[in-house]
Every structure is written in structure tokens, then in C-alpha cells.
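I opened this model to take notes on the overall fold and then on a handful of single residues. The entries follow the order in which I looked things up.

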Amino acid sequence: QLQLDESGGGSVRPGGSLTLSCGTSSTKFPLDYYAIGWFRQAPGKEREGVACIGSSSKSTQTAVPVQGRFTISRHNIKNTVNLQMNDLEPEDTGVYYCAARIVVPTCSLSLTDYDYWGQGTQVTVSS
């Protein structure tokens, strides 16, 4: 069982930036073995995919609403996957989750393609 932990959420004004981090205390396999997806869920809305990165960074995808503003990357020394979020908008408000599936070079923004989920971190964008 892989346990994922998100961090880095908070409250910012529109136009601000945040960096979310997804890590694990599991030592069986490094996160580089897993495809990692970032998802978000706004109040009253369904959870949606935001960005993903394939195992060994073979692929990346970014959802249309955040293209040009959000970047997903790996920090293999720290064993984390980061989501850099710039130029944040109120519509980016929600709980952000990271998810993982082992050995998937081509990542997906579909919720059903992931086996392990973190507990989420709140992001609030408001003036």
C-alpha cells in the first residue's frame, strides 16, 4: 500500500503562486516508478484532472484550463512530484489531491487510472 502526502496548499490572492508537493514515506519503490496525477475538487463539483507525469517522466499532460500556468515536475532526490501553480485564479480554488499508479509511462488525467490517493491539500484563491 502506497501512502501519499500532499503539502504546500494555502490561501493566495488572484495572480499569486503556490507550489504543491506530493511525497511518500514508503520506501519500497521511489515515486519515479509511479505515474503521478494531480487532481482537484471544487465545492459542489466533481474531481477533475489537472496535470500528470508518467513513470520515469516519460510523459506529461496538463489540463486545458491550467495550461501555461501550472507545471508538473519530479524532484527525484527529495522523492516528490511538484505542481507549480502560477497566475492563480479564483476558479483554481479547491482541494488538490495527488494520485499514483505504478509503472505507467504514459500518464492519464482520468481518476479511474490511479490506484493510490492522498488526503488532499486546500488551495484558496481569493481577493
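The notes below go from the whole chain to single residues.

**Entry 1: the chain as a whole**

I note at the start that this is a predicted model. I looked up the secondary structure and found eleven strands and zero helices in the protein chain. Read from the N terminus, the order of elements is β-β-β-β-β-β-β-β-β-β-β.

Next I checked the dimensions. The C-alpha atoms fill a box of roughly 45 × 25 × 25 Å along the principal axes. The radius of gyration is 13 Å, which agrees with the value near 14 Å for a compact globule of 127 residues.

I then looked at burial and contacts. Of the 127 residues, 44% are buried. Among contacts with a separation of 6 or more, 61% join residues 24 or more positions apart.

For the surface, I noted an exposed area of about 6500 Å², with 47% of it supplied by carbon and sulfur atoms. The chain has 10 positive and 11 negative charges, and their mean positions lie 5 Å apart.

**Entry 2: Asp92**

Is Asp92 buried or exposed? Its relative accessibility is 1%, and the cut-off for buried is under 20%, so Asp92 counts as buried. I located Asp92 in the loop between strand E8 (80-85) and strand E9 (94-102).

I looked for polar partners and found that the Asp92 side chain reaches the backbone nitrogen of Glu89 at 2.7 Å. Leaving out residues up to four places away in sequence, Asp92 touches Arg40, Val66, Arg69, Phe70, Asp87, Val123 and Val125.

**Entry 3: Glu48**

I turned to strand E5 (residues 48-53), where Glu48 is placed. Glu48 has 36% relative accessibility and counts as partly exposed.

Which side chain does the Glu48 side chain meet in a polar contact? The partner is the side chain of Arg40, at 2.7 Å. Arg40 is also on the list of residues that Asp92 touches. Beyond four places in sequence, the contacts of Glu48 are Trp38, Phe39, Arg40 and Leu111.

I also took one C-alpha distance: Glu48 and Arg101 are 53 residues apart along the chain and 17 Å apart in space.

**Entry 4: Gln41**

I found Gln41 in strand E4 (residues 34-41). With a relative accessible area of 27%, Gln41 is partly exposed.

A polar atom of the Gln41 side chain lies 3.1 Å from the backbone oxygen of Lys45. Outside the four-place window, Gln41 is in contact with Glu46, Arg47, Gly94, Val95 and Tyr97.

How far apart are the C-alpha atoms of Gln41 and Tyr96 in space? I read 6.6 Å for this pair, which is 55 residues apart in sequence.

**Entry 5: positive phi angles**

I finished with backbone angles. Ser56 is not a glycine, yet has a positive phi of about 55 degrees. Ser56 sits in the loop between E5 and strand E6 (60-62). Its relative accessible area is 42%, and I logged Ser56 as partly exposed.

Asn79 likewise is not a glycine and has a positive phi, of about 60 degrees. I placed Asn79 in the loop between strand E7 (70-75) and E8.

Terms used. Residues are numbered from 1 along each chain as its sequence is written. This is a predicted model: local features need pLDDT of at least 70, side-chain atom pairs count only at pLDDT 80 or more; totals for chains, interfaces and linings use all residues. Side-chain values use heavy atoms; hydrogens and water are left out. Helices (H or I, at least four residues) and strands (E, at least two) are DSSP runs, numbered from the N terminus. Buried means under 20% relative accessible area, exposed over 50%, partly exposed in between (1.4 Å probe, protein chains only). A polar contact is a pair of N or O atoms within 3.5 Å; within protein, one must be able to donate a hydrogen and the other to accept it, and residues adjacent in sequence count only if both atoms are side-chain atoms. Contact means heavy atoms within 4.5 Å. The radius of gyration is taken over C-alpha atoms; the globule rule is 2.2 Å times the number of residues to the power 0.38. Accessible areas come from the Shrake-Rupley method with a 1.4 Å probe; for residues, only the protein chains shown count as cover. Lys and Arg count as positive and Asp and Glu as negative; His and the chain ends are not counted. The place of a charge is taken as NZ of Lys, CZ of Arg, CG of Asp or CD of Glu.
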